[in-house]
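Open the model in your viewer and keep the selection box ready. The stops below say what to pick next and what is there.

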Amino acid sequence: MLNVYIVRHGETDTNKSHSINGASMNLPLNETGVKQVELLRDSFDTSKIDYVYASPLKRAQETAEILDQGRHQIITDNRLTEMNYGDWDGKTSDEIYNVYPQVFDDLGFFKENYNDYCNGESFQHLAERVMSFWHELLQKHVNQSVLLVFHGTASRTMVQNVLQIPDMSMVTEVDNAGVVNFVVNDKTKYPTLLYYNRVAPGKFFIE
């Protein structure tokens, strides 16, 4: 079985201020974010991981480095970059809601037509690139454990498409330094979700 662990990066100042934290917002972790990842590191034993992949953005790279403790070469893949929110990157959710309330769903996330208003990346394009990565991952790694460190919306999109969930609004966002775990049958490539949004301290590996 292929074991896939998805970790969302720790908190940044844009997360703290509830601002849109997309591809052009390349901030490092803040103090809280570092502590979140260090707490996860104490429960998450990367010696049980075979390969580590991360988004190129600073917050993901720093999260991967803290978790991994130098055990692996971190493989950077641009397909794991967060969604590009165009003109709205860095703006607060309240700022956008006050002008464009129609682009938010009942959970407070953007609807799929949000990019009609801000020149942002479409959900379809995001899905295509994260699933390109996923399918390549399934071909490269058999009976191994892989850690992916990336972002809130990009990971939601991957989960939605891997599990073939019809509506993005049915998938909640992973917390900063939260973990998702899939196992994938090596022959059928069929995925099973073992847990979603587990945070430290906790049990992350099946004995």
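Which residues in the largest nonpolar core touch the most other members? Select Phe110, Tyr114, Trp134, Leu148 and Met158. Those are the ones, in a core of 36 residues. Note before going on that this is a predicted model.

**Stop 1: the largest core**

Color the elements that give two or more residues to this core: strand E1 (2-8), helix H5 (123-140), strand E4 (145-150), helix H6 (152-162) and strand E5 (179-184). H5 supplies the largest share, eight residues. In soluble globular proteins, nonpolar side chains tend to be buried together.

Now center on Met158. Leave out residues up to four places away in sequence, and Met158 touches Ile6, Leu80, Val130, Met131, Phe133, Trp134, Leu148 and Phe150. Trp134 and Leu148 come up again here; both were in your opening selection.

Another core lies apart from this one. It has 22 residues, including Leu40, Leu67, Tyr195 and Ala200. Give it a second color.

**Stop 2: the whole chain**

Zoom out and switch to cartoon. The chain has six helices and six strands. Trace them from the start of the sequence and the pattern reads β-α-α-β-α-β-α-α-β-α-β-β.

How does the radius of gyration fit a compact globule of 207 residues? Such a globule would come near 17 Å, and the chain has 16 Å, which agrees. Along the principal axes, the C-alpha atoms fill a box of roughly 50 × 40 × 25 Å.

Take the contacts with a separation of 6 or more: residues 24 or more positions apart account for 67% of them. Buried residues make up 51% of the chain.

Turn on the surface. The accessible area is about 9800 Å², and 46% of it belongs to carbon and sulfur atoms. Then color by charge. There are 18 positive and 28 negative side chains, and the centers of the two sets lie 5 Å apart.

**Stop 3: helix H3 and Ser55**

Select residues 58-68, helix H3. Is this helix largely enclosed or open? Eight of its 11 residues are buried, so H3 is largely enclosed by the rest of the structure. The buried ones are Arg59, Ala60, Gln61, Thr63, Ala64, Ile66, Leu67 and Asp68. They pack against E1, helix H2 (31-43), strand E2 (51-54), strand E3 (74-76) and E4. Leu67 also belongs to the core of 22 residues. Just after H3, check Gln69, which takes a positive phi of about 55°.

Step back to Ser55, in the loop between E2 and H3. Ser55 is buried, with a relative accessible area of 0%. Show what is around it. Beyond residues up to four places away in sequence, Ser55 touches Ala60, Gln61, Thr76, Asp77, Leu80, Thr81, Val149, Phe150 and His151. Ala60 and Gln61 are among the buried residues of H3. Leu80 and Phe150 also touch Met158.

**Stop 4: after the last strand**

Go to Phe204, in the segment after strand E6 (191-198). Phe204 is buried, with a relative accessible area of 2%. Draw a distance from its C-alpha to that of Phe44. The two are separated by 6.4 Å, although they sit 160 residues apart along the chain. Leaving aside neighbors within four places in sequence, Phe204 is in contact with Tyr5, Leu40, Ser43, Phe44, Val179, Asn181, Tyr195, Arg198 and Val199. Leu40 and Tyr195 are members of the core of 22 residues.

In this segment after E6, select Pro201 too. The peptide bond from Ala200 to Pro201 is cis, with omega near -5°. Ala200 is another member of the core of 22 residues.

**Stop 5: two asparagines in loops**

Most residues other than glycine have a negative phi, and most peptide bonds are trans. Two more stops go against the phi habit.

- Asn119 lies in the loop between helix H4 (93-99) and H5. Its phi is near 60°. Asn119 is exposed, with a relative accessible area of 64%.
- Asn143 sits in the loop between H5 and E4. Its phi is near 55°. Asn143 is exposed as well, at 56%.

End on H5. Asn119 lies in the loop between H4 and H5, and Asn143 in the loop between H5 and E4. H5 itself gives eight residues to the largest core.

How values were computed:
Residues are numbered from 1 along each chain as its sequence is written. This is a predicted model: local features need pLDDT of at least 70, side-chain atom pairs count only at pLDDT 80 or more; totals for chains, interfaces and linings use all residues. Side-chain values use heavy atoms; hydrogens and water are left out. Helices (H or I, at least four residues) and strands (E, at least two) are DSSP runs, numbered from the N terminus. The radius of gyration is taken over C-alpha atoms; the globule rule is 2.2 Å times the number of residues to the power 0.38. Buried means under 20% relative accessible area, exposed over 50%, partly exposed in between (1.4 Å probe, protein chains only). Contact means heavy atoms within 4.5 Å. Accessible areas come from the Shrake-Rupley method with a 1.4 Å probe; for residues, only the protein chains shown count as cover. Lys and Arg count as positive and Asp and Glu as negative; His and the chain ends are not counted. The place of a charge is taken as NZ of Lys, CZ of Arg, CG of Asp or CD of Glu. A nonpolar core is a set of buried Ala, Val, Leu, Ile, Met, Phe, Trp, Tyr and Cys residues joined through side-chain atoms within 4.5 Å.
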